[in-house]
Structures are given as structure tokens and as C-alpha cells.
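Q: Could you take a close look at one loop in this structure, and then set it in the context of how the chains are arranged?

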2 protein chains.
Amino acid sequence: MSGPLDELRARLAEGADLRRAAGVLGWEQRVTMPPRGTDARADQLATLGRIAHERFVDDEIGRLLDAAEPLVESLPFDSDDRSLVRVTRRDWEKARRVPTALREEMTREGARGHHAWVEARRANDFPSFLPYLRRNVELKRRYVECFEWSDSPYTPLLDDYEPGMLTTEVREVFAVLRPALTEIVASAPEVDASFLQGDFSPEDQRAFAERVVATLGFEGGAWRLDPTAHPFCTSFTNRDVRLTTRYHPDDLESVWSTLHEAGHGLYAHGIADSLLRTPLDTAPSLGVNESQSRTWENLVGRSRPFWEHWFEPLQETFPALRVVELDDFVRAINRAEPGLIRVDADETTYSLHIILRFELEQELLEGTVALEDLPEVWNARMKEFLGVDVPSDSDGVLQDVHWSGGGFGYFPTYALGNVISLQFWRVVRQALPDLDDQLAAGDALPLSDWLRDNLYSLGRKLTPKETIERLTGAPEIDPEPYLAYLRDKQAALVA
Amino acid sequence: MSGPLDELRARLAEGADLRRAAGVLGWEQRVTMPPRGTDARADQLATLGRIAHERFVDDEIGRLLDAAEPLVESLPFDSDDRSLVRVTRRDWEKARRVPTALREEMTREGARGHHAWVEARRANDFPSFLPYLRRNVELKRRYVECFEWSDSPYTPLLDDYEPGMLTTEVREVFAVLRPALTEIVASAPEVDASFLQGDFSPEDQRAFAERVVATLGFEGGAWRLDPTAHPFCTSFTNRDVRLTTRYHPDDLESVWSTLHEAGHGLYAHGIADSLLRTPLDTAPSLGVNESQSRTWENLVGRSRPFWEHWFEPLQETFPALRVVELDDFVRAINRAEPGLIRVDADETTYSLHIILRFELEQELLEGTVALEDLPEVWNARMKEFLGVDVPSDSDGVLQDVHWSGGGFGYFPTYALGNVISLQFWRVVRQALPDLDDQLAAGDALPLSDWLRDNLYSLGRKLTPKETIERLTGAPEIDPEPYLAYLRDKQAALVA
């Protein structure tokens, strides 16, 4: 009655449901949960994760894959069924390589490390965090040993977030980026952005953010935008997308933070219905996903055409901006200015923060930088890369959450997202010659529709490199469009 | 290393986590979910329910129970471990009696029936709902056949909500209630309550409700109150309690609706920590749980002492009430007035609505009332029980959601809750001789603490009747305190 493909789909649908259910619990924890619910929520999430994992690594999935593979091999490479079998095989083999005991230890030590980091950062006390960091690095070394790798022990970590990407490939891209970015930043003009600081009521910011998001291509009744401490985006199906943002009362960062999350959200919203409740119902990698948050935050949200439409509504919302000229506003939101904190960095300096972390992660993993020397090395590199002095570890090596929970290999995806966004953008501009006029008329739908049809709807059927090749004609990560964009931007600021 | 009791606890904790996770998904669906997320949420909830059920009815649970029973038999009857094993044995044997296929069919047909009911009620079209109702009744008959019963085929249905209760016991209680309530209602004086209708801003109602709830005994950071269409209460642990309510702009019903849900919430909040993540981390039955929502809504929330403290704050919030005397306000909120709709009924007429449904449910199950005659029988009984004419099926037989999803056996628990609330209240008043003064001073904590220590903390360790016996000294459901309370109240209205 039902073949192995149907049985496989049924099992994977259950796994997808468990994953999405955990997503609801995670969203709810960060948006609405009363604080004293924390411990119980952690138990619930651990149980959902453990059951989903147990069911996925089951031998029966392998038997179903064996039986399904001959049935799909004559289908087109990117057909739903053949993609499902291919991607599931890869996920399943990867998941089975890691012993349950190691996986659970990583989860436990990650949670401990996270708690220790919160306290260490608050108290500016790196030494108190050091033993937890050491433990997490040791576990990552044991994790790496579960896999075969050709170029670097870092590759299996990277592969968790950027499937199929080699460390050497990222190194090559970053080797081009680093000197070029340093040069762009060094020659960046000073720009007056003082009017971006002021008194901006959170309620008004919220109303403006909701108004903008509603025009980007989301269907009605299929999304919400809520305030939270650390903005993120998640979704529970392509018609239940959750954006979060934060509203500082003294700046307008919520505009770009919201556009950033909306970019992730549009990706989730554009996943083809046929991929729902499968492992393919998401983006191919963090980098490709990030390319779209960056597209909407920066390529759209810092462009002159976008603000030709939206600057007047913004001025109406915040009358203090009425004295500001559109050109001055656009210059201010495109300035480059080195700073201490990654999450506050502008789009030009941002990738330098990432390259610094990418290098350190490899060195920590290989033991060529000792963990106790990390603050010193961090501070020296910050001076070297960005020319800034680090006044305290809280604003230095302790600033990011990632390492505390064992999240090594994640950082490079942010910079890859920047790079990929421009590779795609070149294609977009060719396909949509009237894009600037459309954005200037407040019409983001042609862009949104094109990205949905050509990128978002593919989900995770193709690898990141296959996806890039599908859109651009070549699989390489090419930093040149990104650098050309930044150079043009800085030239325009001077002009 | 770990004995059968530890293994049993570990498995049950997983089940509790799945149940609570489903609770989060359910709350989120009713409070914050965008409407287009509905279908995916149904899939996710079905998967969580199926996995939890499969894991619970597993043979291994039976083996662990067999091994654990000798280990706990010398412990006190109400010790956590002995209660856990006893209650789990009962749940497990009951759950295994129902074939998976029947269970899934009931879930599916319940969902279909619910959709059909929403449409039928909207269109006042009972015939369109009839086939779904018929199907659900047939499935309930098959469900009943899975069990042995002594007095009535209705007992297995009742047992799902009121474990250990016999249909005959409920009949005896209702046989006393019905004529007595009819007499009380018939002699109830007319009371002016016109000032309870007016212009009451939902924001102000919300602020008032939050303010009251915060004084009832909840710890800070362990609850929230949100607006929703159909108020309910749920919890994800005893320190994450979710109250919901609704704010009509033209009346003050939110005050009592909120107190009602707060009563359920205080029960959840008072469950002993040692029972968390077990099947015992909830109330013993819907009736016992409802006794506490009724306690806080009615015995507290319609009492003169409570309003001696809260009427001034209410008048400050709604200045239109400044011309109303406290005595007139208390009379108005205690009046008895027959009406069409159960959920709008006052505490005196409410149980008559329930007795009508309890009788009809038995007749439908036994086939002594034909389904197609239901509207006619309903309308005749409404005239007989409450003296009201039913103008349409939407406000008659189609008014309640319960039957549409197959929820037969649930209704009587509401009336039992009323009855039990007064049995407990007699004990409370003996234990807390200064209760009126405390409430009049705005201090609900002595009451709240007493109920937590003597009732809520027990969780589901004892059956409903064992719980009643624990508090009152006798296991019977006794309607006399409830009737005496209503008679006193009506006498006070006349005086």
C-alpha cells in the first residue's frame, strides 16, 4: 500500500513536527515565558531533542533510504523526492557518527558554559569562564574525531552550519577580504550621523517596523513581529513566521534589525509547500540564509531607492528628523566606523570581526593559541584588524554568546552571508532592471517574488554551493561583488 | 545503579515533558499564533500526542510497574512513590484498553466534528451537524465497549474526567440538586444590575485584573495573564502558569472570568515540587479542579468581604461606578436570573444547565433520545428546567463546543465543582475563622496558603473521592452545603 518513500516521509514528518514543536517552545521562552518557567522548559526541550534524535538515527531510517534510493535515481537531481533521499542520507550518516554519550555531554557542558559565560561577562571575569571554555573546546576536539576530514579539523565544525564547505575555501575568501576591507575601512570618510541618536519612542518604532514589514511580501495572517532582548527569527511552517526585534529608545537600530529578521522570515515564508514537514523545509545553510537577512537589511534597507519611499513616513513618525535631508540620512546609515562590538558593527567593518573569530577558532582547536592567552591575543588582533583598543574582556573576548555553548564553526557563516548576498544581488539586478524604481515607489514585491521563486522555494534541496551555482552559474564563493559594493558605497560617501 | 522506580520516573518524566510541550503549543495557538499556522500546529500536536501515547502504553511501563510495586507497598498510602505507582498503574491499564485505531479515529472525527460545529452554529444549521454528531456518538459507544462498567455505559466516559466516579453517584447528587435549584431560582428576587452594563475600557479592565491576580498568592515571575477569545488556564510547570481572560467593552465579566481562571491557576501553582514531571502534577479530576475556580470566582469573588477591599479600587478604575453603593453592587453580582447560555449563567442557575446536558448525554449514548430529535428535546427541557424559550439552535443545542469534538462525560464535572467547592469551603471557614476580615483587608494569602498546603500540593496522588475525604472526613459528594449557600445568598438578597 505505501512504499518505502511514503514510510520515509511519514517518519521524517514526525521528526519535522518535533523540531518545529521545539521551535515553538524556544520562541515562547524568549518572547513570552515568565522567568521562573526556565528550568521546566529546559527539560521539555531536552526531551523533544532527545526523542527526535533517537528516532532519526534509528536503523529503520537507513533501511528505508536503501529501499528508496533506487526508486528516485532516475528522477531529476533537484526533484523533491531525489533531493529528500540524498539530503536525508547525508544527515543520517552524519548524525550516526556521533555517540549519544558525547552528544549529551556537549549539550550539558554547553548549557553549563552558557551560565558561566553570563556571569563572567557580567563580572568581566574571563578566568572564571576559562575552565568551561576549555571543556567545550576539548569536547569539540572529540566531536571532530568522529568525522573524516581532508583539509582541517575545523571542517567538520564548519560543516554543521555550512554543509559541504571546506575550511580552506573559507580561508581563501577571507584572505582576499581581510586586506581589502582593512583598506576600505582605513579610507572611509567621517560622516555625521548624530541625528540617528535621539528620542525615538519604542511604540512609534514598533508601528513603523510593522508598517514596513507588511509591505515586503508576507501574506496576511502568516507572521508576527514581537519585541525581545536578542532579536531572532524562527518559523513553525512557511505560514507561521515569527520575527523578533528590539526597540532602543535612543536610536533607530530597530529599523535595520527588523529588516534583517524579515530577510530570514521571507526565506522561511518562501519555502515550497511540497517541502513542508521534511528536512528540506529550511535554507541550505546559515550562510545562504544570512545572505538574505543581509540583503533586506543592507542592500535594500540602506539603499537610496528604499528611503526615497520610506524617509517621509519615517519623518512623519519622528518629526525630529524633518530637518534632515534624505541624502544626509542615506550617508549616515551607510558610514563605516570601526568599533569594539560585533553586533553593533556596520556592514563594512562587520566581516573583520568575523575573520578575527574564524582565525582564533582554528587556533584554539589546533592548540596553537593557549586558552589562557585568549584575552591578550584577542586584544592584539582587535588593534591589528580594526585599530581599536579593548578596554575590558566583557567588551572583548567575552562579548559573544557562541563559544560559551560550544558553537564553534558558526561565525564564518555571517561573513559568508555578506559575500553571498552580493553574488545573488548581481543576478537580481539583471533580472529586475526596474528594481530601483520599484523600491522608490515602495514596491518590494517584484524583488520578494523573484527571490522566493528562484531561491527561497528551493529550501534545502541543494547544498549551499549547488544553490549558488543554480543562481549565479558558478559554485564558488566570490568576494569581488561584495568588495566592489563596499568600494562604490564609500566612494559615494566621499562624493 | 538505578532501580525500576528510577527508570519508571525517567520514562514518565519524558511523557510529562511531551504533555507540557503540547500544552505550550496549545496555549500559543490560542493566544499568539497567526491564523495561518493552524494546519501545521495540528500536525505538530498530533505527533506529540501520538508519541506520548505510544511511549506510555509500551509493555516496558508494565514491567517497571510490576517491579516497582513490591518496593512501594510498605510506604504510606499517600507517599509520592506509592501514589505514583498506583496512579500510573491505573492510567496505564486504562490507556491500553483502547485500540490505537479507535483512538486515532476519535481524534480525527472529533476534529471534523469541531469544524462542522463551528459552521453549523454560525449558520444555525443543526441538520448539517447531525452526521458528525452521530459519528462521534457511535465512536463513544465503541469506546465504552473497551471497558467494564457496573452501573451505566456512561461511567467510562465520566471516568475520563472524574476518575472513580459512578454515574449513579452523580445521578443521586443531581436528583437532590435539580428540584432544590429550581425552587431557589423560582423564588429569586429581581435585582437591579443595570450598572454592570456600560462603557468599561478593556485596558482598564486588564489593569484591574492584573492588579487583583497579583494579590492572590502567585509568586512573581511565575504566571502571566493574556487576553483570548475563550478563556482558559494552563500551566507548563508549577512556576509557569498561564491565565487567559477576555475583556468585553460593555460589561465587567472579565473580573469573574479572571478570578475563575486564577482559581485553576492557583491549583497548578500549588502542586508540590516533588510531583513535577510525573502524571501526578495536576489536579485529581476536572470536578475538584473546578471546585477551586468556583471558589475564587464565586465564594471569594462575589463575597462582600472581598469587595469591601476591592470596590474602591474598582470605582477608581471606573468612575461611573462611584454612584453605586457597595451593597447594591454585591447584590447585583449575586443575583439569580435564568438565561439561555450556559457560559453566561450565574452560579445559581448554572448547575441546571449542566443537569440538562448530563441527562441528554446518557440518553444519546443509550439511544433513548434520537439524535435528530435533539433540538426539540433540548428546547422542551430548557423550558422545563429554566423556564426559558430557545429562539434558535445556535443559542440552544449548538451553543457548546464539547459534543462537537466527542467530549461526552465532561459536563457534569462543572456542577460537581460547584458542589465540591462548598464542601471544602465549610472546612476552610473552620480552619480560618478570620477569613472575612482578611479578605476585607485585601489579604487573600491565608486562604491561598491553606488551600495550597491542604489541597493543591497533593496533586493527583489521591482520587477525587479520597481527596474529598482527606479534607472533609467523608468521601461522599454532598450537595447540602452548596444548596445552603445558595439559599442563604438569596435570602440575603431579599433582606
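**The loop between α5 and α6**

A: In this predicted model, A:Asn124 sits in the loop of chain A that runs between α5 (100–123) and α6 (126–144). The backbone of A:Asn124 deserves attention, since this residue has a positive phi of about 55° although it is not a glycine. As for its surroundings, A:Asn124 is partly exposed, with a relative accessible area of 37%, a value that falls between the 20% limit for buried residues and the 50% limit for exposed ones.

Chain B can be read in the same careful way. B:Asn124 lies in the loop that links α5 (100–123) to α6 (126–144) of chain B, and B:Asn124 also has a positive phi, of about 50°, without being a glycine. With a relative accessible area of 36%, B:Asn124 is partly exposed.

The relation between the chains comes next. A turn of 180°, with a shift of 0.0 Å along the axis, lays chain A on chain B with an RMSD of 0.0 Å, and that is the relation of a two-fold axis. Of the interface residues of chain A, 100% are also interface residues in chain B, so the copies meet through the same surface.

Last come the cysteines. A:Cys146 is buried, with a relative accessible area of 15%, and B:Cys146 is buried as well, at 16%. A disulfide is a covalent bond between the sulfur atoms of two cysteines. With a cut-off of 2.5 Å between cysteine sulfur atoms, the count over all chains comes to zero disulfides.

Definitions and conventions:
Residues numbered from 1 in each chain as written. Chains lettered and ligands numbered in written order. Predicted model: local features only at pLDDT ≥ 70, side-chain atom pairs only at ≥ 80, totals over all residues. Heavy atoms only, no water. Least-squares fit on C-alpha atoms with pLDDT ≥ 70 in both. Contact = heavy atoms within 4.5 Å. Helix = DSSP H or I, 4+ residues; strand = E, 2+ residues; numbered from the N terminus. Buried < 20%, exposed > 50% of the residue type's maximum accessible area, 1.4 Å probe, protein only.
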